[in-house]
Amino acid sequence: MTAVLLYFLPKLRTFVAVAPGGLLLASVCLVSPVVRSQEVLFQDRFDDYALNAVPATAAAGGPWSTVAEGSNEGAMRIIEDNDNVFGYGTGNRFLRIEDGVGFNLNAQQAIESEVVTLSFDFVDRRTMMPSSGAERLTIQLFAGDGAVSNTRRAHIFSLQNGSEIRVGAGSYPDETRLRFDMIMNNSAAEITYETLDGTKTLGSGLADVWIDGELAAQDYSFARAPDIGPGPIRSFSFQTFSTDRFSLDLNNFTIFSGAHVMETIEAPSGEGRGTLIELSHVEDSLPNDAALLPRAARSEDLALLAAGPPGLASEYSFPITVR
């Protein structure tokens, strides 16, 4: 058996196989087996902001139309992931909203697609902030002319009380790093899309929610405007209504055109070691004449090292053997 180093580039979600001496053998993009549509319509990774800043509006060179902290001033800020909670390294930056009441991030006329996937890495950190509202996060998608209005609302994706996908559509754990993929079909026809384990159908006007690649809520509609018909989703908001409150950590907020389901990237644990991800859904194997990565390899087979080679010092490296 020949020793091979497998480097993981978190932001690209890609594995790179390197032979002894630094020879690049192959790269493998970590995506679902067949993802037919991956056009990014909107994205904020939060990496480019100064520490303790807030996300930027379009007027300030950012992607958002509105950035409002709500009634609890200072609740929203960019911080550095010193504990590597999201698994992208300690230099990664993300958005923390702590005891946010009535905050609002929205983007108007920012996207245009009848089928969209709202994806983000997320931790529900709970809140002890007293308010007359609920402990509830609300994400709205708007169709028609894209006006941010109840009459243009195609769907609400809402999380509450550290456990529930409203309205009883599914559940999730709090205080846990999760990846959400919420797929909304606002076309006139039923669609079929690829998942990590096969295919899934989704009717017109309905939504599915995937958490870490597992189906958590399916075929549901919530708070859809009575007169809204099929057509492109054009605008969205990420907010708490009025006196509602919520605490969260948010990373890699992305909206894709079409259906896009991806596995989680687990955060390392311990002192520079831990599991990262299962490799059973790697789209392609490494070439036979270089290094064959077993498709059924498990995360416990890969020992996480503290640093990579020159040029990849901020990434993770895994010693593997060729079979």
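Visitor: How many salt bridges does a search of the whole structure find?
Guide: This is a predicted model, and the search turns up 13 salt bridges.

Visitor: OK, which residue does R96 meet in a salt bridge?
Guide: That would be D249, with their side chains at 2.8 Å, N to O. The two come from distant parts of the chain: R96 sits in strand β7 (residues 93–101) and D249 in strand β20 (residues 245–257), 153 residues apart.

Visitor: Are R96 and D249 buried or exposed?
Guide: Buried, both of them.

Visitor: Let's move on to R179. Which residue does R179 pair with?
Guide: R179 makes a salt bridge with D121, at 4.0 Å from N to O. R179 is in strand β14 (residues 178–185) and D121 is in strand β9 (residues 115–124), so this pair ties together parts 58 residues apart in sequence. R179 and D121 are both buried.

Visitor: Back to D249 for a sec. What about D249 and R125, how far apart are the closest N and O atoms?
Guide: 3.6 Å, and D249 forms a salt bridge with R125 there. Again the link spans distant parts of the chain, from D249 in strand β20 to R125 in the loop between β9 and β10 (136–142), 124 residues apart.

Visitor: And why is D249 called buried?
Guide: Because its relative accessible area is 4%, and the cut-off for buried is under 20%. R125 has a relative accessible area of 22%, so R125 counts as partly exposed.

Visitor: Last one: which residues do salt bridges that share partners join into one network?
Guide: D121, R177, R179 and D181.

Note on methods. Residues are numbered from 1 along each chain as its sequence is written. This is a predicted model: local features need pLDDT of at least 70, side-chain atom pairs count only at pLDDT 80 or more; totals for chains, interfaces and linings use all residues. Side-chain values use heavy atoms; hydrogens and water are left out. Helices (H or I, at least four residues) and strands (E, at least two) are DSSP runs, numbered from the N terminus. Buried means under 20% relative accessible area, exposed over 50%, partly exposed in between (1.4 Å probe, protein chains only).
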